[in-house]
Amino acid sequence: MESLFESLAARAGLPLDQVRYIILLSLGFPLGAIYRYVLKPTHSNVKSRHVVSTSIGLLFGLMCFGWVQMAVLFSVTGACYAMLLLVPTKVVHIYTIVFAMTSMSAANIYRMMVDYGGWHFDFTAPSMLIVQRVTLVAFALHDGRPFSLLTLLTSSSLPIGVACKEVELNEDQKQMKLMEVPSLLEYWSYNYNFHTFLVGPICTMKEYLNFVDGSNFKATPTQND
């Protein structure tokens, strides 16, 4: 495959990294159509859709950036997932955004040191997308956390039967909040799926999970129903 990229880059007179990126990005469109019709949510289980989507995305990443640069991205997402498991939900969003922004800044500073003013396509591009994704997950988990014991004991205005902090959330937060930590497969699929890994766009974890299990294709009841 690499020889094909090199041949096309030589014929087009374009940098190899840019040709490689454009080809892989273009492949995402037919692969997306195949994914949609072969692995329909109604005929395929959720796990298989996660595995296929993640596998193709990781393959794209390895072909674009190589093992070393992908290992950097793995370490960032791995550390952020560990925070979801270990850090209290009350502050996990703060820890996550500080760590993710620091790691991305370090990567871009290194890029400036070794390729200042250059136009090479490397892992710093998807790292900016990963920062947004891991931060969205952490904030959604924070929004879904239960009330603190102190709030439950001291507040007299909480609706009866409310187990979550919904009274503090706006409508978007209520819809996108997470009540539990996603599985590792779901987390990796969200960050590395071939649909959005290379260039985006960004969606929330809840939106992505609804896409994978087919919930977003179901009709939403209206107030008149």
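# A walk through an all-helix model

Start with P201, which sits in the loop between α8 and α9. Select G200 along with P201: the peptide bond running from the one to the other is cis, with omega near 5°. For context, most peptide bonds are trans. Keep in mind as you click around that this is a predicted model.

**Zoom out**

Now show the whole protein chain as a cartoon. You should find 9 helices and 0 strands, so to speak a plain run of α-α-α-α-α-α-α-α-α when read along the sequence. Colour by burial next: of the 225 residues in the protein chain, 37% are buried. If you like contact maps, take the contacts with a separation of 6 or more; residues 24 or more positions apart account for 67% of them.

**Helix α3 against α9**

Select residues 46-86 for α3 and residues 205-213 for α9. The two axes come within 9 Å of each other and cross at roughly 115°. That crossing makes α3 roughly perpendicular to α9. Which residues in α3 meet α9? Show side chains for V46, R49, H50 and S53 on the α3 side, then Y208, L209, F211, V212 and D213 on the α9 side. Sorted by class, this contact has 5 nonpolar, 2 polar and 2 charged residues.

**Helix α3 against α8**

Stay on α3 and bring in α8, residues 184-192. At what angle do α3 and α8 pack? It is about 105°, and the axes are 8 Å apart. The pair α3 and α8 is therefore roughly perpendicular as well. Here the contact has 13 nonpolar, 7 polar and 2 charged residues.

**Into the core**

Hide the cartoon for a moment and look at the largest nonpolar core, which has 41 residues. Pick out L84, Y187, F197 and L198, the residues with the most contacts inside this core. Several helices feed the core: α2 (16-38), α3, α4 (92-115), α5 (124-143), α8 and α9 each give two or more residues. Which element gives the largest share? That is α3, with 12 residues.

Centre on L84 and show what surrounds this residue. Leaving aside neighbours within four places in sequence, L84 is in contact with V92, V137, A138, L141, V181 and Y187. Y187 is another of the residues with the most contacts inside the core.

**Along helix α5**

Next, select α5, residues 124-143, and take three stops along the helix.

- T124 lies in α5. Is T124 buried or exposed? At 6% relative accessibility, T124 counts as buried, since the cut-off is under 20%. Show the side chain of D122 too: a polar contact of 2.5 Å joins the side chains of T124 and D122. Not counting residues up to four places away in sequence, T124 touches A107, N108 and R111. Then try a C-alpha distance from T124 to F65: these residues are 59 apart along the chain, and their C-alpha atoms are separated by 9.9 Å.
- T135 is also in α5. With a relative accessible area of 12%, T135 is buried. Beyond the residues up to four places away in sequence, T135 touches T96 and I97.
- F139 is the last stop in α5. What does 34% relative accessibility make of F139? The residue counts as partly exposed. Draw a C-alpha to C-alpha distance from F139 to V92: 7.7 Å in space, with the two residues 47 apart in sequence. V92 is a residue you have already seen, in contact with L84.

**Back to the loop**

To finish, bring the cartoon back and return to P201 in the loop between α8 and α9. From there you can look to either side: α8 packs with α3 at about 105°, and the axis of α9 crosses that of α3 at roughly 115°.

Key. Residues are numbered from 1 along each chain as its sequence is written. This is a predicted model: local features need pLDDT of at least 70, side-chain atom pairs count only at pLDDT 80 or more; totals for chains, interfaces and linings use all residues. Side-chain values use heavy atoms; hydrogens and water are left out. Axes are lines fitted to C-alpha atoms, for helices over the stretch in contact, and angles run from 0 to 180 degrees between N-to-C directions. Helices (H or I, at least four residues) and strands (E, at least two) are DSSP runs, numbered from the N terminus. Angles under 35 degrees count as roughly parallel, over 145 as roughly antiparallel, 65 to 115 as roughly perpendicular and the rest as oblique. Contact means heavy atoms within 4.5 Å. Ala, Val, Leu, Ile, Met, Phe, Trp, Tyr, Cys and Pro count as nonpolar, Asp, Glu, Lys and Arg as charged, and the others, Gly among them, as polar. A nonpolar core is a set of buried Ala, Val, Leu, Ile, Met, Phe, Trp, Tyr and Cys residues joined through side-chain atoms within 4.5 Å. Buried means under 20% relative accessible area, exposed over 50%, partly exposed in between (1.4 Å probe, protein chains only). A polar contact is a pair of N or O atoms within 3.5 Å; within protein, one must be able to donate a hydrogen and the other to accept it, and residues adjacent in sequence count only if both atoms are side-chain atoms.
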